[in-house]
Amino acid sequence: MSLILCIETGTDICSVALAKRGKLLSLRESEEGKNHAQNLAVFISEIFEENNVSSEELSAVAVGMGPGSYTGLRIGVSLAKGLCYADNIPLIGIGSLESLAMVALEDYHAGLLDITDIDTAMLCPMIDARRMEVYAGVYNKKIEPVFPVGAYIIDENSFTQLPDEHEFVIFGNGAAKCEKVLKREKLLYFDVQPSARGMVALAAKAFENKKFEDLAYFEPLYLKDFVAGVSKKNLLAK
């Protein structure tokens, strides 16, 4: 039996799920953005209390490994590592774009996304990376990559290497700014956002295959260097 805590904090959404044998038990999430450090521990505590379990009973902790927000990823990975160290359990890293694609696939099967042919459709999760740049990848219905994950500047030539006759489905918080820029015949845009529920099946598969991370050396997938903002208070003080 696997009991896995799933943590996703790579965007403005802070999301925590508890899953047993690959089935979702509980979910907590918030779109408050900069309150991940405050909300994450509270959500975990609430989920443990709701299911009458403790961290010692966990089989593993799965964490969204990015790409995404530098600060958000650091918060999620740090807490996940702390739980794994404290309870001597394995850490599972799940690609944030991969789990976002899984959310979209689950929404499709629930009848929430109007995709004509899921067998040939290309799922393109996008996470905002500022200006016209996004973190993106492209997956098929088996959540297998058909275009590599990367940081891409979006213009009318983006993803032209991929077949134009298939539906190209974009979603995530970076997708809206790309909807009118991408030039494709069958472009579909849906409001699908990151959630730890998209990690559940992927984490269960990784646990079954014993695909664990090295706690000492595991780092999030940032793709871009962190750039610190300049405080307006400091500028006004000069």
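Contact, throughout these legends, means heavy atoms within 4.5 Å. The model is predicted, so local features are given only at a pLDDT of at least 70 and side-chain atom pairs only at pLDDT 80 or more, while totals for chains, interfaces and linings use all residues. Residues are numbered from 1 along each chain as its sequence is written, and side-chain values rest on heavy atoms, without hydrogens or water.

**View 1. Valine 192 and the largest nonpolar core.** Welcome to the interior. Valine 192 touches Leu100, Val103, Ala104, Asp107, Leu113, Phe171 and Gly172, once residues up to four places away in sequence are set aside. The largest nonpolar core (buried Ala, Val, Leu, Ile, Met, Phe, Trp, Tyr and Cys joined through side-chain atoms within 4.5 Å) has 36 residues, and those touching the most other members are Cys6, Ala62, Ile115, Val169, Phe171 and Val192. Helix H3 supplies the largest share of this core, with seven residues. Another core, of 24 residues, lies apart from it and has Leu40, Leu58, Val61 and Ile89 among its members.

**View 2. Serine 195 in its loop.** Look next at serine 195, which is placed in the loop between E10 and H4; helices (H or I, at least four residues) and strands (E, at least two) are DSSP runs numbered from the N terminus. With a relative accessible area of 4%, serine 195 is buried (under 20%; exposed is over 50% and partly exposed in between, with a 1.4 Å probe and protein chains only). Ser15, Leu27, Glu29 and Val103 are in contact with serine 195, leaving aside neighbours within four places in sequence. Val103 also appears in the contact list of valine 192.

**View 3. A salt bridge between strand E3 and helix H1.** The whole structure holds eight salt bridges (a Lys or Arg side-chain nitrogen within 4 Å of an Asp or Glu carboxyl oxygen). In one of them, arginine 28 pairs with glutamate 46, with 3.0 Å between the closest N and O atoms. Arginine 28 belongs to strand E3 (residues 23-30) and glutamate 46 to helix H1 (residues 36-51), so this pair links distant parts of the chain, 18 residues apart. Both partners are partly exposed: arginine 28 has a relative accessible area of 21%, and glutamate 46 has 32%. Follow the charges a little further and you will meet Glu50, which is linked with Arg28 and Glu46 in a network of salt bridges.

**View 4. Glutamate 106 meets arginine 197.** The closest N and O atoms of this salt bridge are 3.0 Å apart. Glutamate 106 lies in helix H3 (residues 96-109), whereas arginine 197 lies in the loop between strand E10 (187-189) and helix H4 (200-208), so the bridge ties together parts 91 residues apart in sequence. Glutamate 106 is partly exposed at 28% relative accessible area, and arginine 197 is partly exposed at 22%.

**View 5. Aspartate 128 meets lysine 177.** Here the closest N and O atoms of the salt bridge are 2.5 Å apart. Aspartate 128 sits in strand E6 (residues 122-128) and lysine 177 in the loop between strand E9 (168-171) and E10, so the pair ties together parts 49 residues apart in sequence. Relative accessibility is 35% for aspartate 128, making this residue partly exposed. Lysine 177 is likewise partly exposed, at 24%.

**View 6. Aromatic pairs and an arginine over a ring.** The structure contains six aromatic pairs (Phe, Tyr or six-membered Trp rings with centres within 6.5 Å; planes under 30 degrees apart are stacked, over 60 edge-to-face, the rest tilted).

- Phenylalanine 159 and phenylalanine 168 form a tilted pair, 5.3 Å centre to centre with 40° between the planes, and both are buried.
- Phenylalanine 207 and phenylalanine 212 are also tilted, because their planes meet at 55°, with centres 5.8 Å apart. Phenylalanine 207 is partly exposed at 22%, as is phenylalanine 212 at 33%.
- Ring pairs join Phe147, Tyr152, Phe159 and Phe168 into a cluster.
- The charged end of arginine 184 sits over the ring of phenylalanine 168, 4.4 Å from its centre (NZ of Lys or CZ of Arg within 6 Å of the centre and 35 degrees of the ring normal).

**View 7. Two cysteines without a disulfide.** The count of disulfides (cysteine sulfur pairs within 2.5 Å) is zero. For cysteine 124, the nearest cysteine sulfur is that of cysteine 178, 7.9 Å away. Cysteine 124 is buried, at 0% relative accessibility. Cysteine 178, too, is in no disulfide, and is buried at 0%.
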